Amino acid sequence: MATHTRSQPSLLEDAKLRRPMIIETIEKNFEYLRKENSLNIYGTVFFGTTAGFSGILANFIFRHCFKVKHDALKTYASLTILPFLSTIITYKLFVTDALYSGNISRENCVLRSSLTGLVCGVFYPSALAFSRNGRLAVKYHTVPLPPKGRVLLHWLLLCQTEIKAMAVPLIFQIIFGVFNGLQHYAAFERTYKKTVHED
């Protein structure tokens, strides 16, 4: 009876001492992973690059629709860089950081990744190209001005045929978003299991 009561506190003390050590080791391993950027950095950069190419396509389509010949370098540069940067930053905030915090499931990771591709890789470049080239078309009078009250409808009708080409990057960004999300989650899960197993 006496032996049982003596061994019980020592087990509790061992558990109390080991727990901070385990937590410290896990934190060190995750800190190492953060510094090395080893969790799918190439996939994220490639994801951003595809968004940049989507911006180039969107700019080409809207320049052709609005018959704009001016400021080509300026529009192409902004429509390559801005979607690229916005995709990488959004992906880091909504997917990578959520994975590090441990508050994300596989389905959620895939959903967030594909939504990032959809919004930053298709909708944002399209809206940006539409507004930039629309302003240039008004400024240089390359297309007839829209009637009052129907500005947006006029511009959309003007380029409704050509805008269908944006379905290609739309499908590609969704597929790649799903694939990238699955790969990123799998890499994170493998690393986490390895870290816990080592401890």
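From residue 114 to residue 131 the chain is 100% helix and 0% strand, with the end C-alpha atoms 24 Å apart. This is a predicted model. The stretch is among those that UniProt, in an unreviewed entry, lists as "transmembrane region": residues 41–62, 74–94 and 114–131. Residues 74–94 are likewise 100% helix and 0% strand, and their end C-alpha atoms lie 30 Å apart.

The remaining range in that record, residues 41–62, falls in helix α2, which covers residues 41–65. Helix α2 has 25 residues, and at 1.5 Å a residue it should span 36 Å; the C-alpha atoms at its ends are 36 Å apart, so the expected and modelled spans agree. After α2 comes K67, which has a positive phi, near 55°.

Helix α2 can next be considered together with helix α4, residues 106–140. The axes of the two helices come within 8 Å and cross at roughly 30°. Angles under 35 degrees count as roughly parallel, and therefore α2 is roughly parallel to α4. Their crossing is right-handed.

Which residues of α2 meet α4? On the α2 side they are F47, A51, S54, G55, A58, N59, F62 and R63. The residues they meet in α4 include S113, T116, G117, C120, G121 and V122, and also P125, S126, A129, F130, N133 and L136.

Confidence in the model is a further point. The protein has an average pLDDT of 82, and 77% of the residues score at least 70. Residues 1–7 have a pLDDT below 50, and this stretch makes 0 contacts in the model beyond near neighbours in sequence.

Conventions:
Residues numbered from 1 in each chain as written. Predicted model: local features only at pLDDT ≥ 70, side-chain atom pairs only at ≥ 80, totals over all residues. Heavy atoms only, no water. pLDDT = per-residue confidence, 0-100. Contact = heavy atoms within 4.5 Å. Helix = DSSP H or I, 4+ residues; strand = E, 2+ residues; numbered from the N terminus. Expected span 1.5 Å × (residues − 1). UniProt positions renumbered as here; feature names shortened; annotations may be inferred. Axes fitted to C-alpha atoms, helices over the stretch in contact; angles between N-to-C directions. Parallel < 35°, antiparallel > 145°, perpendicular 65-115°, else oblique. Left-handed = near helix turned anticlockwise from the far one by under 90°.
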